[in-house]
Structures are given as structure tokens and as C-alpha cells.
Amino acid sequence: MNAKTPNLSTGVLLGVLGMLGFSGTLVATRIAVADFTPLDITCARIVIAGVLGAAFLVLTDQHSLPERGFAVSILVMGLGLAVGYPFFLAVALKTVPAVHGAVVAGLAPAATAIIAVLRTGERPPLPFWIACLVGFCAVLYFAYDAGGGHLSLADGWLFLGMLSLGIAYVEGGRVSRELGGSVTLSWAMIFLAPAALLPLILRTGEINLTAVSTAGWVSLAYLGIISMFLASVFWYRGLAIGGIARIGQINLLLPLTALGWSALFLGEEITRTAIACAVIVLGAMVVCLKGRT
């Protein structure tokens with residue numbers, strides 16, 4: 001057994017836990033947009049995660065400010081993960097079902113791999129790229145088919161969301177190798193929280209909080225506590241110890257799991273095309289994970 005195996009196994013485990021937490025994001029967002037605006041959801045996620053991050057740093061006695069050299073990467077990670085991705089996702093899911101968003105989310109691993117190569121110098125082998133391309137094409141076909149033979153504006157928002165996520169994963173994964181995933185995420189949310197809190201304060205008088213459904217509150221809590229914080233802690237640690245490009249492909253599982261949540265909680269129809277595309281990207285993930293970087 002080579003020396004990298006334990007790290008890869010741990011990285012895969014952490015990555016899977018993070019992916020499972022992320023997989024409920026689409027369903028929770030789809031429910032939350034019925035009661036809140038995309039801006040409300042985006043800002044609330046950041047503030048909740050910022051409070052949790054501050055508590056974590058204090059309880060673990062890791063509250064020293066990160067070195068200046070890490071600040072830009074931490075901020076970029078936070079903007080991609082906590083601003084770009086949730087905002088674009090919420091805008092898209094106002095007009096398309098969570099099932100649609102779930103399959104298009106399969107583009108995140110391809111975006112992560114490409115950005116990782118450009119930013120960090122990782123060099124996956126040819127089979128990795130072939131599998132990545134197959135997964136990408138399956139997702140693209142699904143979006144085209146679901147749109148009745150064309151790509152919709154919502155697909156554009158979803159693509160921007162996946163690009164934001166890829167950037168966040170790469171920058172966060174790089175810094176997590178030095179600071180740890182939990183510390184990196186916590187500081188990112190703390191840096192963004194003051195700016196996110198202001199719109200929420202200004203919107204307080206406009207939102208009828210008593211009219212918000214229980215499902216809306218639960219979904220918002222899920223997005224802030226699990227999707228934004230806990231799942232991200234596992235995910236960034238997995239990226240740091242298992243390799244950004246390789247562990248990033250675990251998110252190819254997200255469409256398959258998110259399809260199940262969409263059917264279970266929203267009663268959305270899962271078409272044969274959706275299932276076929278999800279299975280294809282799952283196979284592509286397996287090939288990617290077996291390849292050496």
C-alpha cells in the first residue's frame with residue numbers, strides 16, 4: 001500500500017460527507033425562495049455561518065488573524081462559495097425545478113478540475129480528462145433536453161453558480177492545506193458577515209416574518225448551518241488532503257443524491273433522461289477518483 005492511500009481514503013470520506021450536506025442545498029433553496037428573495041437567502045447564509053465560524057475559532061483557541069498572504073484567497077473563496085453560488089442558484093431555482101438544478105450541478109467538478117490545473121499546477125492524466133468531459137457532456141445534454149431543445153436563462157445562472165463554486169473550491173482548498181478547512185471557512189464567513197448583515201437589517205421592515213412558512217425557516221437554517229458551514233468544513237478538509245482536482249469530482253455524485261431529495265421532499269418528477277445523465281456522471285466520478293494526479 002503506498003503512502004498516499006490513507007490520505008486519499010480520508011479525503012474521499014470527508015469529501016463524501018461534504019457532498020451529502022451540499023446535496024440538500026438545491027431542495028432547501030427551492031423551498032426558501034418561496035418566502036425569501038435570493039439576496040435574503042445569500043446574506044442569511046453568510047451571517048449564520050459567520051456566527052458559527054466565530055464560535056468555532058473561539059472554542060478551539062484559533063482566533064489569531066490569518067497571515068496577510070492568505071487574505072485574498074480566503075476572500076475569493078468566500079465570495080465564490082457564499083455569494084456567487086447561492087445567489088445564482090436561488091435566481092435560477094425561482095424558474096426551474098430542483099431536479100433541473102441538481103443535474104446541472106454536475107458541472108461543478110469539471111469547473112473545479114480546470115481551475116485547479118490553471119491555478120495550482122495539478123496535472124491529472126488523460127483518462128481523468130476524458131471522464132471529466134463525458135460527465136460534462138451528459139450534464140449539458142440534460143440541460144438542453146430539459147429546456148425543450150434549447151438552453152434557458154436559468155441554465156446560464158446555474159453555469160455561473162458552478163463557476164463560482166469551482167473558484168471557491170480551488171482557492172479554499174489551497175489555503176486549507178496550510179490553515180485547515182474549518183479555520184479557512186470560518187475566517188471567510190467572518191470577513192463577509194458585516195457586509196451581509198447590512199442588507200438583512202435594511203430588509204427587516206419589508207419582510208413579514210410571521211408569514212414565512214415553517215418549511216421556509218427550516219430550509220434557511222439548513223442552508224446556513226449545514227450547507228454553508230458544516231458541509232463546507234468537511235469538504236475543504238477533504239480537498240486539502242486528497243487533492244483538489246480528484247476530490248472535487250466527488251461532487252459528480254451530487255446530482256444523483258439531489259434527485260432523490262427532490263423527489264422525496266418536493267414530489268418532483270425524475271425523468272429517465274435525468275436518471276441516465278446522473279448515472280453517467282457517477283461513472284465518470286469513479287474513473288476520476290481511480291486516476292493518479
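Okay, let's start by walking along the chain: from the N terminus on, the elements go α-α-α-α-α-α-α-α-α-α-α-α-α. That's 13 helices and zero strands. The radius of gyration comes out at 18 Å, close to the 19 Å that the globule rule gives for 293 residues, so the chain is as compact as a globular protein of that length. One thing to keep in mind throughout: this is a predicted model.

A bit more on the overall picture. If you lay the chain along its principal axes, the C-alpha atoms fill a box of roughly 55 × 50 × 30 Å. How much of the chain is buried? Of the 293 residues, 52% count that way. And look at the contacts: taking those with a separation of 6 or more, 90% are between residues 24 or more positions apart.

Now the surface. The chain exposes about 12,700 Å², and carbon and sulfur atoms supply 70% of that. As for charges, there are 15 positive and 12 negative ones, and their mean positions sit 11 Å apart.

Next, cysteines, since somebody always asks. A disulfide is a covalent bond between the sulfur atoms of two cysteines. How many does a search of the whole structure find? Zero disulfides. Take C277, which is in no disulfide: the nearest cysteine sulfur belongs to C137, and that one is 11 Å away. C277 has a relative accessible area of 5%, so this residue is buried, the cut-off being under 20%. C43 counts as buried too, at 5% relative accessibility.

Let me show you a loop residue as well. D61 is in the loop between α3 (38–59) and α4 (68–92). What's the backbone doing there, at D61? Phi is near 55 degrees, a positive value in a residue other than glycine. Buried or exposed, then, for D61? Exposed: the relative accessible area of D61 is 59%, and the cut-off is over 50%.

Last stop, V12, back in helix α1, which covers residues 4–23. V12 is partly exposed, because its relative accessible area of 24% falls between the 20% and 50% cut-offs. Which residues does V12 touch, leaving aside neighbours within four places in sequence? V12 is in contact with I247 and I250. If you want another distance to check on screen, try V12 and L223: they are 211 residues apart in sequence, and 23 Å apart in space, C-alpha to C-alpha.

That's my tour, thanks.

How values were computed. Residues numbered from 1 in each chain as written. Predicted model: local features only at pLDDT ≥ 70, side-chain atom pairs only at ≥ 80, totals over all residues. Heavy atoms only, no water. Helix = DSSP H or I, 4+ residues; strand = E, 2+ residues; numbered from the N terminus. Rg over C-alpha atoms; globule rule 2.2 N^0.38 Å. Buried < 20%, exposed > 50% of the residue type's maximum accessible area, 1.4 Å probe, protein only. Contact = heavy atoms within 4.5 Å. Areas by Shrake-Rupley, 256 points an atom, 1.4 Å probe, with all protein chains shown as cover. Lys, Arg positive; Asp, Glu negative; His and termini not counted. Charge placed at Lys NZ, Arg CZ, Asp CG, Glu CD. Disulfide = S-S within 2.5 Å.
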